[in-house]
Amino acid sequence: MTYQLDPAIADRLKRTAEGLVPAVAQQHDTGEVLMLGWMDDESLARTIETGRATYWSRSRQEYWVKGDTSGHVQWVKEIRLDCDGDTLLVKVDQVGAACHTGDRTCFDAAVLHEVADD
């Protein structure tokens, strides 16, 4: 099945040369940032149509529905576009780990900088 993105939405997107838009996945009720994926028009249309986060894998050059192999599904609650039209915020209800390493979030691994409270 081919999914078509609403032209009114498509017209607002600013894509990379490869036709992709970064999509930040965030837990809808806590605000926890879970992961960053990439979407093109079809993966965004699939996400809107199915209610399941669908991304474009740059390494495998194919679509992947979050949770199809791991069971760690992202149920989409809301999708927002930033003011420049070049980043999506996908608010989800994350089931299980968001990261392929098994961590809840892809941002658990290393703190590069932290400001101590005074």
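A salt bridge, as used here, is a side-chain nitrogen of Lys or Arg within 4 Å of a carboxyl oxygen of Asp or Glu. With that in hand, here are some notes on this predicted model.

1. **A pair within helix H2.** Glu42 and Arg46 fit the salt-bridge rule nicely, their side chains meeting at 2.9 Å, N to O. The two are separated by about one helical turn, because they sit four residues apart in helix H2. Both partners are buried: Glu42 is, and Arg46 is as well. In the structure as a whole, the search turns up seven salt bridges.

2. **A pair between two loops.** Arg52 and Asp68 also join their side chains in a salt bridge, at 3.0 Å from N to O. Arg52 belongs to the loop between H2 and strand E3 (54–57), while Asp68 belongs to the loop between strand E4 (62–65) and E5, so this pair ties together parts that are 16 residues apart in sequence. The partners contrast in accessibility: Arg52 is buried, with a relative accessible area of 18%, whereas Asp68 is exposed, at 53%.

3. **A network across E5 and E6.** Glu78 makes a salt bridge with Lys91, and their closest N and O atoms are 3.8 Å apart. Since Glu78 lies in strand E5 and Lys91 in strand E6, the pair ties together parts that are 13 residues apart in sequence. Through shared partners, salt bridges link Glu78, Arg80 and Lys91 into one network. Glu78 itself counts as partly exposed, with 29% relative accessibility.

4. **Lys77, next along the same strand.** Lys77 is found in strand E5, which covers residues 74–81. Its relative accessibility of 52% is why Lys77 counts as exposed, the cut-off being over 50%. Setting aside neighbours within four places in sequence, Lys77 is in contact with His28, Lys91, Val92 and Asp93. If you would like a long-range distance to check, Lys77 and Leu5 are 72 residues apart in sequence and 18 Å apart in space, C-alpha to C-alpha.

5. **The largest nonpolar core.** Which residues touch the most other members of this core? Met39, Tyr55 and Leu88 do, out of 18 residues in the core. Strand E1 (21–27), strand E2 (33–39), helix H2 (41–50) and strand E6 (88–94) are the elements that give two or more residues to this core. Met39 deserves a look in your viewer: not counting residues up to four places away in sequence, Met39 touches Gly19, Leu20, Val21, Ala23, Leu44, Thr47, Thr54, Tyr55, Leu88 and Val90.

6. **A nonpolar patch on the surface.** Val33, Leu36 and Phe107 form this patch, and together they have about 280 Å² of accessible area. Val33 is found in strand E2 and counts as partly exposed, at 38% relative accessibility.

7. **Cysteines.** How many disulfides are there? The count comes to zero. Cys99 is in no disulfide, and the nearest cysteine sulfur, that of Cys106, is 3.3 Å away; the rule asks for sulfur atoms within 2.5 Å. Is Cys99 buried or exposed? Cys99 counts as buried, because its relative accessibility is 9%, below the 20% cut-off. Cys83, by contrast, counts as exposed, at 77% relative accessibility.

Definitions and conventions:
Residues numbered from 1 in each chain as written. Predicted model: local features only at pLDDT ≥ 70, side-chain atom pairs only at ≥ 80, totals over all residues. Heavy atoms only, no water. Core = buried A, V, L, I, M, F, W, Y, C linked by side-chain atoms within 4.5 Å. Buried < 20%, exposed > 50% of the residue type's maximum accessible area, 1.4 Å probe, protein only. Contact = heavy atoms within 4.5 Å. Patch = residues over 30% accessible without salt bridge, like charges linked within 9 Å, V, L, I, M, F, W, Y side chains within 5 Å. Areas by Shrake-Rupley, 256 points an atom, 1.4 Å probe, with all protein chains shown as cover.
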